[in-house]
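Q: Hi! I have this one open on my screen and would love to go through it with you. Can we start with the metal?

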Amino acid sequence: MERRKFLKYGCAAAVAMPAASWPWAALAREVESEQDRSELHISIEPVDAEMIDGQIVYMLLFFSEDGKPRPVLRVREGDEIRIEISNNDTAPHGFAIPGIPAATSELIDPGDRREVRFTAPVGGSYLFFDPTKAPLNRILGLHGALIVEPRLGTTPAGSPTPFSRASQTPALQALFDALGTAPRFPGQKWKPGDPAREKIWVFSQTDPTLNARVASGQSVDPASIMSSFLPRYFHINGLSGFDTAVHNGTASEGIEAAEAIMPEGKQGQPTLLRTMNAGLSTHSPHIHGNHVMELSENIANGAIDVRKNILEVDVWRLSPLARKDMLLPFERPPDIPAAKWPPKEEPFPLRYVMHCHTEMSQTAGGGNYPQGLVTHWEMTAPIE
Amino acid sequence: MVIDFKKTGVKGKVTFSTFGCNVFQESPATPDKIRPDVVIERAVHTDGRWNTPDGKRVRYWGFADPLSPIAADRVAPYPSPLIRVRQGQVVHTKLKSKKNAHTIHHHGIEPTTFNDGVGHVSFEVQTEYSYQWQPAHPGTFFYHCHRNTVLHFEMGMFGMLIVDPPEGPGTLYSGGPTYQVERIWVADDVDPRWHIPNEHDAGLCGEDAGLNRFEPKYFLISGVFNNKTMLDSRVAVEAKLGDRILIRLLNASYSILRLTLGVDALLVSVDGRQLGAEPWNSPKLFPAGSRIELTTASRFDLLITPTQRGVFGVKFEFLHWITGKVQADGAGIAQTRIIVK
Ligand SMILES: [Cu+2]
Ligand SMILES: [Cu+2]
């Protein structure tokens, strides 16, 4: 027990996804620069994490080298990547990234370390996790996002996208070319490398009974998990409900963690939502205020499929291990009466929730609505 | 009329408590109000009783329509009465809460925050409020209560919302295809343990109300229990050869809905957005026998143009959100048919 870290998310050093994890330097480089090397070190640690209702739950988490939980790994297409994984737990673990077969590690014994080496694939959103005793270690918390920046992400017309030119479809190019150009989308193009224009939402669920069994040293048959899994906590990047957004300029679990989740911007500032489900239950993320465009999905072998037919939806299905990149266009909420845009009496920001519509996920500890898988986004001002 | 936004989530102090347990509750005027083309009224009812196929009485809640010419819609309808308006009309939906606060969220309609019906970022309606919106897109939407949504939506506080193009019903969108037969299929599943009376605020202040555990026992399509869906005219479709049939499908259940049709269907619109309106999408054909899956709250508009007479089967399967198995040990199925004469 004493070896465990106590984690009240966001307090002091324990802030998920700090701004420093953004590779500003990398993004400023020439598009067609030389191949580079990236060295990343992460560790596996047991923690006692505080849930949104104050309950303490044993979890296993990945940490970055500087001691931050749930690191987001960012690399650049074509770069030679080396990830070293240290196992500071008392059980053996592993590491894998669907869609990147070379990134699979051998079993890592307690106290040991292993490395994986691979060439970063085409641009997009990937999910890394511990595949041992699947799905056990993944749902205990051993998962995280790997983002691959495309080497050449623009469309032939020059509009930036998050996808490599070679994997772009005509539909994707038409959409990103329309941003800032078509009458429907006055304002800006999508802006790569701007954390305000890109959010990563890693969804997960926690069944504390299962975690407690592991913590007490019981052996759990992985094949028995799915039929008995009864999640009581639902997370975005490890946070729930009130903690997932900025309120009155502050955030209960650290401003950086909340800002990393909550989209905020003016009309005409399209924002990418990288949504992933590391858990075991299917989610139905539903967004108010704007429909979103479903840009991509992972296919069976983990590779990224950019859509040939990009639907505009207000709810999308996110099955276990699914990864979908969505575009929140930040367009004028279309059903505000035209004669009253921009609204005069009702002030900005306009605030719209995103919540999972598979409503059991809106709870914490069996109640506490809405302290589950929910956040919101803000439109701070109209274009004019 | 002066609106004190500080008494709402718009300008008030948002805390852990204002998220649910002590949420903003007001009956303000509508900001930026303009003269409506259509006024709709919805009054909360909590008095519905289903007679279930296994002989039980199960309570449900919903919205009644006090202005409806149909008597049943004024009392305790399920699902709540259809809202049907036209693209471009300025609409006021006047909600009358009962003794407890509720809201109306017009799902898929995108108005201002104040008119969006989510309490913790605006307010819940204590007695009365008029939600103002002007639909820009024709299509299939729905509306539901957003207070303790996990419970109130399951309790039945939802209804369909259709936006017709200015031409009115019978045309999908201006310049688009017409249809001669229209059927709304609303799939819902019911866990009777959640329908115990007087639990309006269950779980809101932190007590464990078991709302993370959903084990549906009853399955309904458009208000019809699955033992009657095969023949009931609210579900089964009758058409003439040459008719175009429009199915407006909503998954209002907490399951993944899998629809299998014995006839080809063209997906023409999703979540109130016409496919093909923009160059990045187009209608999608589901050949007969395809598995058409909808996550909770999704809407698919399916256009069916039968090329022969016959009886075509329709199967709805409700799949568990974790195991993916058919709910209730395989009983979570409803069936109906499309008869083409
Ligand atoms: Cu309600
Ligand atoms: Cu909804």
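Q: So, which residues coordinate the copper ion (ligand 2)?
A: Happy to help, and bear in mind that this is a predicted model. The copper ion (ligand 2) is held by A:H357 through NE2, B:H107 through ND1 and B:H144 through NE2, at 2.0 Å.

Q: Where do B:H107 and B:H144 sit in chain B?
A: B:H107 is in strand β6 (residues 105–107) and B:H144 is in strand β9 (residues 139–144) of chain B. The pair is 37 residues apart, linking distant parts of the chain.

Q: And is B:H107 buried or exposed?
A: B:H107 is buried, and B:H144 is buried as well.

Q: Switching topic: how many cavities of 30 Å³ or more are there?
A: The structure has 8 of them, and the largest cavity has a volume of about 90 Å³.

Q: What lines the largest cavity?
A: There are 10 lining residues, with A:R70, A:G144, A:A145, A:V202 and A:N237 nearest the centre. Strands β8 (143–149) and β9 (198–206) of chain A are the elements that each give two or more residues to this lining. The largest share, 3 residues, comes from β8(A).

Q: How do those lining residues divide by character, nonpolar, polar or charged?
A: The lining has 6 nonpolar, 3 polar and 1 charged.

Q: Last thing, what domains does chain B have?
A: The domain assignment gives domain 1 (5–164) and domain 2 (181–340). Taken over C-alpha atoms, the centres of these two domains of chain B are 22 Å apart.

Q: How many residues are in contact between them?
A: In chain B, 41 residues of domain 1 are in contact with 38 residues of domain 2.

Methods: Residues are numbered from 1 along each chain as its sequence is written. Chains are lettered from A and ligands numbered from 1 in the order in which they are written. This is a predicted model: local features need pLDDT of at least 70, side-chain atom pairs count only at pLDDT 80 or more; totals for chains, interfaces and linings use all residues. Side-chain values use heavy atoms; hydrogens and water are left out. Donors are N, O and S atoms within 2.8 Å of the metal (3.2 Å for Na, K and Ca); water is not among the atoms, so sites may look incomplete. Helices (H or I, at least four residues) and strands (E, at least two) are DSSP runs, numbered from the N terminus. Buried means under 20% relative accessible area, exposed over 50%, partly exposed in between (1.4 Å probe, protein chains only). On a 1 Å grid over the protein atoms alone, a cavity is a set of points where a 1.4 Å probe fits but cannot get out, and a pocket is an open set with protein on both sides within 12 Å along at least five of seven lines; lining residues have an atom within 4 Å of a point. Grid points are joined across faces, edges and corners, and a volume is the space filled by probe spheres set on the points. Ala, Val, Leu, Ile, Met, Phe, Trp, Tyr, Cys and Pro count as nonpolar, Asp, Glu, Lys and Arg as charged, and the others, Gly among them, as polar. Domain bounds come from an automatic or database domain assignment. Contact means heavy atoms within 4.5 Å.
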